Amino acid sequence: PLAPVPETLTLPDMASHVWIKQGENMRWFMAAYGMLAVAEKINPDSCFVRWSRERRSLGAFREAKPGEVRRSFEVQLERTMRRVKAQDLALADSVEALDRILKERTPAIVLSSEGGDFLEGDIGYLRQMRARGLAHLQLLHYRLAELGDISTEDPKYGGLSDFGREVVRECNRLGILVDCAHGTSAGIDQMLEISTRPIIHSHGYVSAN
């Protein structure tokens, strides 16, 4: 049975990895733990990342073949969309949709990706995914790919790549929220400089260095 939605339900989660067992109801858990909106982050690089005892961190352990990251993204996207439909969750893909969610108190998913490497250098694919509901894009994750430097690897681009800059501008145009988590300080500074709309840092830590 679905849990009742409390009138005081107002909390959003900006960086969720949903590991709910198959058959269990995500909407029930959201209501039970006070979540009105969850940015469910697809992890396109999850097939290529593992924990390194030597480095004591997560990182890519092999190179992806052409098309492999995109296929990973698409499989996870389809799984998420099936859950949204089956569990009668709202999809927060616009300001208007978010207003309805707040008014009607309907638990909702914000379709998000942790890493933009599923684009594989194709800005047109970003437009296609926006049309399918992608509303929140974290450009970088654990693969040093086409978009820019990541905080856990030696820098290659001095921040964002040219393609990464293009993606920030296109996100602004399409109405996709830019997330700078996992970026280097230089890359975050460049996102702030380039973006004409507010951006977020959904998760991370503060260092004195």
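In this predicted model, the largest cavity encloses about 30 Å³ of space. The structure holds one cavity of 30 Å³ or more, so a cavity here is worth picturing as a set of points where a 1.4 Å probe fits but cannot get out. The lining of the largest cavity is made up of G116, D117, L139, L140, H141, R143, A145, L147 and G148. Sorted by character, these lining residues comprise four that are nonpolar, three that are polar and two that are charged. Among the nonpolar ones are L139 and A145, while D117 and R143 supply the charged part of the lining. Glycine counts as polar in this scheme, which places G116 and G148 in the polar group.

Attention now turns to the backbone, where two residues stand out. D88 is not a glycine, yet its phi is positive, at about 55°. For orientation along the chain, D88 can be found in the loop that runs between α2 (68-86) and β5 (90-91). With a relative accessible area of 52%, D88 is exposed, because the cut-off for that label is over 50%.

R105 likewise has a positive phi, near 60°, in a residue other than glycine. This residue, R105, also sits in a loop, here the one between α3 (95-104) and β6 (108-114). Is R105 buried or exposed? Its relative accessible area is 16%, and R105 is therefore buried, as the label applies under 20%. The two loop residues thus make a friendly pair to look up in the structure: D88 is exposed, whereas R105 is buried.

Methods
Residues are numbered from 1 along each chain as its sequence is written. This is a predicted model: local features need pLDDT of at least 70, side-chain atom pairs count only at pLDDT 80 or more; totals for chains, interfaces and linings use all residues. Side-chain values use heavy atoms; hydrogens and water are left out. Helices (H or I, at least four residues) and strands (E, at least two) are DSSP runs, numbered from the N terminus. Buried means under 20% relative accessible area, exposed over 50%, partly exposed in between (1.4 Å probe, protein chains only). On a 1 Å grid over the protein atoms alone, a cavity is a set of points where a 1.4 Å probe fits but cannot get out, and a pocket is an open set with protein on both sides within 12 Å along at least five of seven lines; lining residues have an atom within 4 Å of a point. Grid points are joined across faces, edges and corners, and a volume is the space filled by probe spheres set on the points.
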